[in-house]
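Here are some short notes to read beside the model. Keep the structure open as you go.

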Amino acid sequence: MLSALLAALALQAAEPPQPQAEAPSRRAQTIRRYSSNARQGVAVGPDDIYAVSNWELVRYDKKTGEKRAAWTGDRARFPHINSCAVIARDLVCASSNFPSVPHVSTVEVFDPQTLAHRRSIALGLGTGSITWVDRHDGAWWAMFANYDGKGGEPPRDHRHTVLVKFDDQWRRQEAWALPATVLARIAPMSVSGGGWGPDGRLYLSGHDHPELYVMRLPAGGGVLDHLETLGMEAEGQAIDWDETQRGMLYGITRRTREILAMKVDLAN
């Protein structure tokens, strides 16, 4: 018995130390609040902000906060629109069948003024539930969430959350995993929001914690580099950068369903 115990202790000592989750080092400052019904996230355009709530979208005037347009979709077809972004002349949204399994993911495209539904891009099965989509460096980028519990599809769990780069025909080009330092913060859930910042870095938000994870593509290997963790008032969920105001990030707080405009100090 003693020899077995010694062998177990030796094996434990030989195991490499686990990366520690990094707590926020700086914090985004909330500049403005908008009353809304947002449940999942927010998108922002030059003159408008958009509350994202599963099968409902609402457009508000950015200056006044006045409601301008609304869309309600068929819950059977659009059970979980998680995030949107104004890209060129479209409002482009990440949609899935969460929490149902197997995971089905689509990209839904809307008119950014009337919110009329324009088209769907079906991404199929086997990767996870899409949570955000963005356009950067001549390509489409999307993150697919995987979960430990509700909405999970075994044998995958939160560690299988993946960033995928697509070409213009939505063919998969490359993909990257999350580092252990971020996985430790989001477990047992996943990444709910994200997008490329004006400084060229990738910013991710989880499901529950008021944090932003600052990332970049690695110089080698298949795991993203985790540069920094920033605090913010928004408790995770979908986020979007205001391309007309450098460093202005929009998010939501589920406590009041308000939309938050937050100032982030960016790297030079």
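1. This model is predicted. A search of the whole structure turns up 10 aromatic pairs. Two of these pairs and one cluster are described below.

2. Start with Trp 71 and Phe 110. Their rings meet edge-to-face. The centres are 4.8 Å apart, with 70 degrees between the planes. Trp 71 belongs to strand 6 (residues 67–72) and Phe 110 to strand 9 (residues 105–110). The two residues are 39 apart, so the pair links distant parts of the chain.

3. Are these two residues buried or exposed? Trp 71 has 13% relative accessibility, so it counts as buried, since the cut-off is under 20%. Phe 110 is at 0%, and therefore counts as buried too.

4. Next, look at Tyr 203 and Trp 241. This aromatic pair is also edge-to-face, at 4.9 Å centre to centre and 75 degrees between the planes. Tyr 203 lies in strand 16 (residues 202–205) and Trp 241 in strand 19 (residues 240–241), so the pair ties together parts 38 residues apart in sequence. Both Tyr 203 and Trp 241 are buried.

5. Four aromatic residues form one cluster: Trp 140, Phe 144, Phe 166 and Trp 170.

6. Now turn to Cys 84, in strand 7 (residues 80–87). Cys 84 counts as buried because its relative accessibility is 4%. Which residues does Cys 84 touch, not counting those up to four places away in sequence? Among them are Val 42, Val 52, Leu 57, Cys 93 and Asp 240. Cys 84 and Ile 239 are 155 residues apart in sequence, and their C-alpha atoms are 8.7 Å apart in space.

How values were computed. Residues are numbered from 1 along each chain as its sequence is written. This is a predicted model: local features need pLDDT of at least 70, side-chain atom pairs count only at pLDDT 80 or more; totals for chains, interfaces and linings use all residues. Side-chain values use heavy atoms; hydrogens and water are left out. Rings of Phe, Tyr and Trp (its six-membered ring) pair if their centres lie within 6.5 Å; planes under 30 degrees apart count as stacked, over 60 as edge-to-face and the rest as tilted. Helices (H or I, at least four residues) and strands (E, at least two) are DSSP runs, numbered from the N terminus. Buried means under 20% relative accessible area, exposed over 50%, partly exposed in between (1.4 Å probe, protein chains only). Contact means heavy atoms within 4.5 Å.
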